[in-house]
Amino acid sequence: MSKSDFGLFGLGVMGKSLSRNLAQKGFKISLFNRHVDEVEVDVAKNFKAEYQELKNALAFDNVEEFVASLASPRKIMLMVNAGKTIDIVIDNLLPYLSENDIIIDGGNSNYKKTKERFDYLQTKGIQFIGTGVSGGEEGALKGPSIMPSGTKEAYNNVSQFLETIAARDKNNLPCCTYIGPEGSGQFIKMVHNGIEYVEMQLLAEVATILKHKGKNPNEIAETLDSFKDDANSYLLEITADIFRKKEGDSWLVNLILDKAGNKGTGNWATITSAELGVPNTLIASALFSRYISFYKEHRVQFHKEYIKKSVSRLNLADDDLLKAYQFVRIINHYQGFKLIQEASEKFNWNLNLSEIARIWTNGCIIRSSLMEELVSIFKETNTILIHSKISKMIIDCKPSIKRVVSDCVLSDVTTPALSEALQFFNGITTQHSSANIIQAQRDYFGAHKYQRIDDASGKFYHTNWV
Ligand code: 6PG
């Protein structure tokens with residue numbers, strides 16, 4: 001039997017979709033899914049039988065046979081749960097692998113773990129690629145955005161597979177490119193997800209404001225649709241769809257319990273921002289908003305205690321809302337890419353922001369018309385807030401976001417993304433900040449010293465304050 005070009009390990013939702021995508025593109029693949037008595041039985045075999053495009057695929061539930069079915073150097077993509085499972089799977093595969101075989105981790109793994117695994121596998125002569133894959137089930141099947149990292153040499157061995165199954169950008173180039181060394185691919189996927197959290201939170205706030213303007217879900221969907229001309233995005237489109245969905249006579253969205261889950265990437269993005277000293281206030285705020293949503297019982301109790309009257313109807317113009325929405329999106333992308341840029345400098349990854357924006361223009365969850373613009377903007381500057389196109393938009397949108405945030409504050413409508421974006425912008429544009437007072441306080445109680453504006457040498461001073 002001829003050997004397969006590529007192996008797919010783990011046939012969950014994403015693994016299945018990627019396998020079908022690879023097979024549809026003509027690659028001969030081997031499929032593996034573990035056997036668990038009565039729970040996971042003949043998963044690979046049954047999956048192969050289900051789809052015509054998998055007729056040439058080989059299906060296994062035995063690791064040794066799966067590995068033996070692959071042509072050398074073997075290329076095995078893991079689509080299993082991030083975390084400990086990855087290490088277990090690697091250790092299960094290792095006895096059967098040969099030098100220069102390549103393992104690709106396509107899950108949402110922590111970038112630091114990817115570096116550890118990379119180092120560990122290097123000692124065994126195995127190449128390791130950590131890759132972000134975005135696009136959900138449909139993206140994986142029809143073309144995801146793929147963010148691989150590791151050595152360039154290992155990437156060159158798998159590029160034909162990853163680039164063929166990836167989505168295409170507007171110039172028909174693959175939304176897959178070599179990102180950089182170590183865990184840089186999973187790092188940028190983590191930031192992608194952080195940006196995703198903020199976009200989702202922002203859309204939820206905009207929809208809530210529309211509700212407080214008196215619109216029903218169908219009207220909310222219509223307003224969101226009307227934003228598409230100026231600020232289209234995949235998340236905007238799906239949010240409009242969500243508001244149209246009915247179940248019987250009810251709008252489905254109104255039947256969903258208001259507790260937002262998460263699988264950890266927003267958490268890591270927040271921790272990483274703190275570790276690298278990058279003020280990524282929007283990701284933190286979107287994450288903590290999900291955590292607040294989880295305190296449902298407290299929310300109900302505190303509402304009874306503190307909120308005595310219902311929200312008065314908001315009278316904001318849709319155009320103000322659109323501009324406020326655009327303002328936050330710019331700040332969100334500024335912060336997200338800033339985190340990438342700082343990591344690139346700190347870890348010597350030499351990341352290309354324009355290329356990253358380009359592979360995020362299609363296939364992934366945060367694809368948008370703004371992302372398209374950023375591809376060319378990043379060719380001119382890494383700091384989008386000083387680009388004339390962006391600063392024009394910010395200046396145009398700022399009066400609107402001020403109106404939106406202040407009206408929401410006065411009406412007790414919670415808008416963390418909108419408010420935080422404005423606060424961040426006010427902070428980052430403040431010439432003389434209040435940080436001199438913080439420095440004085442630190443010096444007062446802890447003799448932490450301060451620098452003076454009348455001494456350009458940067459010397460540190462201490463004062464006896466009493
Ligand atoms: C994607 C998504 C995907 C995902 C995460 C985030 O790019 O396809 O980001 O990776 O939806 O699971 O999910 P949580 O909201 O559960 O953290």
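The shell around the ligand brings together parts of the protein chain, drawing at least three residues from each of domain 1 (6-182) and domain 2 (191-428); these bounds come from an automatic or database domain assignment. The structure is a predicted model, in which local features need pLDDT of at least 70 and side-chain atom pairs count only at pLDDT 80 or more, while totals for chains, interfaces and linings use all residues. Residues are numbered from 1 along each chain as its sequence is written, and side-chain values use heavy atoms, with hydrogens and water left out.

A good place to begin is the ligand itself. It is surrounded by 13 residues, of which S134, K189, E196, Y197 and K263 are the closest; a residue is counted here if one of its heavy atoms lies within 4 Å of the ligand. By class, the shell holds two nonpolar, seven polar and four charged residues (Ala, Val, Leu, Ile, Met, Phe, Trp, Tyr, Cys and Pro count as nonpolar, Asp, Glu, Lys and Arg as charged, and the others, Gly among them, as polar). Helix α8, spanning residues 184-212, gives the most to this shell, with five residues. Helices are DSSP runs of H or I with at least four residues, strands are runs of E with at least two, and both are numbered from the N terminus.

Oxygen atoms of the ligand have protein atoms at short listed distances. A polar side-chain atom of S134 lies 2.4 Å from one ligand oxygen atom, and for R290 a polar side-chain atom lies 2.8 Å from an oxygen atom of the ligand. K263 takes part through its backbone, with an N or O atom 2.8 Å from a ligand oxygen atom. Of the 420 Å² of accessible area that the ligand has on its own, the protein covers 80% (Shrake-Rupley method, 1.4 Å probe).

K189 and E196 are listed for "active site" in an unreviewed UniProt entry, and such annotations may be inferred rather than shown by experiment. K189 is found in helix α8 and is buried, with a relative accessible area of 5%; buried means under 20% relative accessible area with a 1.4 Å probe, protein chains only.

Turning to the whole chain, the domain assignment gives domain 1 (6-182), domain 2 (191-428) and domain 3 (439-466). The C-alpha centres of domain 1 and domain 3 lie 55 Å apart. UniProt, again in an unreviewed entry, lists residues 185-466 for "domain: 6-phosphogluconate dehydrogenase C-terminal". Over residues 185-466, the chain is 67% helix and 3% strand, and the end C-alpha atoms are 53 Å apart.

How values were computed:
A polar contact is a pair of N or O atoms within 3.5 Å; within protein, one must be able to donate a hydrogen and the other to accept it, and residues adjacent in sequence count only if both atoms are side-chain atoms. Buried means under 20% relative accessible area, exposed over 50%, partly exposed in between (1.4 Å probe, protein chains only).
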